[in-house]
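Welcome to this short tour. Open your viewer, switch on side chains, and get ready to select a few residues as we go.

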Amino acid sequence: MTQLRIFSSGGGKQSIASLVLSAQGAINFPIHVFCNVGADSENPDTLRYVEEYAKPYAEEHNITFHEIIKKKGRKPRKGIPDERPQETVYSRAMADNRTIGIPIFMPGSGAPSRRNCTVDFKIMQVNRVARELGATNEAPAQIGIGISLDEFQRMSSNDPERLYVQKVYPLIDLRLTRADCENIIRRAGLPVPPKSSCYFCPFHSMATWHELKNKQPELFNKAVEMEKALNRKRTKIGKDAVWLTRKMRPLGQVIGDQADMFDDIDDACESGFCMT
C-alpha cells in the first residue's frame, strides 16, 4: 500500500519551492494542502499568489492542491449540506469573549500567550484532511513541513497523540536554505512569493512591521486598531493590556521608533505550519 504523503503549504517561499520540487520529482508529495485562515487575516498578497501562481502551477503538473478553511460550529451529520460560515483567526480574536487565540505578548512576563491559531486553523485542518484521505494509526500519512536548513531549530517532534500523521522535513533532507528555495522558484519561471503570515502576527520582526507600515499601510493601520480593540476587550473584563510586539507598548508607537527598526529577531512559529 502506497503511503499517503501530504505537504502542508503556507504559500510562502519554502512551500512554493516544495511545490516545484514535487513537480520535478525531487520530492514525493502529490498532495499539497493550503489552509486559508481568512481574507481578513492572511496577508492578501499571499492569497493572491496562491490563486494566480500556486494553483495553476499545481494543476499544470498534476499535483493536487487543496485549499481548505475552518468552519464555525459542529459539522452537520452525514448527508446534510455543510453551510457553516468560515471562522477566521481575526474573527476569533475579535469575538466578544475572553478568547484571543494568537500569541499576543502578555503583561508581567512579556511572554507570548498560547498560539492556538496555528493548532486550530492549520495543524488540525491538515490532520483532518489526512484522516479523510485514509490515514490511520496503522497506515499514517507523512506530512511535509516547509522548514529550510537555515531554520532547522523550528523542527519539532511528532505528536504521540496523533499517530496517524508523521511530520517530515524534505527541505532539511535536501540541505536547502531559504535562498536555495528562492532560486528554485525563479528557475521554474515563477515569481518569488511574499512571506506568508497573518498581517497582525505577533511573531513579526521589527523590520517586518516597518515594511508592513511602509508598503501596506492599510494593513498596518488595521493591526494597530486590532491591538486597541483587543485591549478594550481586556479592559472590560478587568485584565491588563496585551501587545502585538515584544516591546510591550502600543504598535503605533513602537513602529514609529526608528531605533527599533533593525531589531530583526523573528521568533516564527516553531510548528513549521506557519511562515513557510
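**Stop 1: one helix**

Start by selecting Glu-225 and Lys-228, which form a salt bridge whose closest N and O atoms are 3.5 Å apart. Keep in mind as you look around that this is a predicted model. Why are these two residues separated by about one helical turn? Because they sit three residues apart in helix α8 (residues 217-236). Now show the surface: Glu-225 has a relative accessible area of 43%, so it counts as partly exposed. Lys-228 is partly exposed too, at 44% relative accessibility.

Next, select Lys-70, Glu-87, Arg-92 and Asp-120 together. Salt bridges that share partners join these four into one network.

**Stop 2: a link between distant parts**

How many salt bridges does a search of the whole structure find? The search turns up 16. For another of them, pick Glu-67 and Lys-55, whose side chains meet with an N to O distance of 2.5 Å. This pair links distant parts of the chain: Glu-67 belongs to strand β3 (residues 64-68), while Lys-55 belongs to helix α2 (residues 44-60), 12 residues apart. Glu-67 is partly exposed at 31% relative accessibility, and Lys-55 is partly exposed at 24%.

**Stop 3: a buried pair**

Move to Glu-151 and Arg-154, where another salt bridge spans 3.1 Å from N to O. Are these two residues buried or exposed? Both Glu-151 and Arg-154 are buried.

**Stop 4: the nonpolar cores**

Hide the charged side chains and select Val-89, Ile-102, Phe-200, Trp-209 and Leu-251. These residues have the most contacts inside the largest nonpolar core, which has 29 residues. The elements giving two or more residues to this core are α3 (89-94), α4 (116-132), α7 (206-215), α8 and α9 (251-254). Which element gives the most? It is α8, with six residues. You have already visited α8, as Glu-225 and Lys-228 lie in that helix.

Zoom in on Trp-209. Leaving aside neighbours within four places in sequence, its contacts include Tyr-199, Phe-200, Cys-201 and His-204. Add Phe-220, Ala-223, Leu-244 and Thr-245 to the selection, then Leu-251 and Ile-255, as Trp-209 is in contact with these as well.

Finally, look for another core of 24 residues, which lies apart from the largest one. To find this second core, select some of its members, including Tyr-57, Ile-184, Ile-185 and Leu-190.

Technical notes:
Residues are numbered from 1 along each chain as its sequence is written. This is a predicted model: local features need pLDDT of at least 70, side-chain atom pairs count only at pLDDT 80 or more; totals for chains, interfaces and linings use all residues. Side-chain values use heavy atoms; hydrogens and water are left out. Helices (H or I, at least four residues) and strands (E, at least two) are DSSP runs, numbered from the N terminus. Buried means under 20% relative accessible area, exposed over 50%, partly exposed in between (1.4 Å probe, protein chains only). A nonpolar core is a set of buried Ala, Val, Leu, Ile, Met, Phe, Trp, Tyr and Cys residues joined through side-chain atoms within 4.5 Å. Contact means heavy atoms within 4.5 Å.
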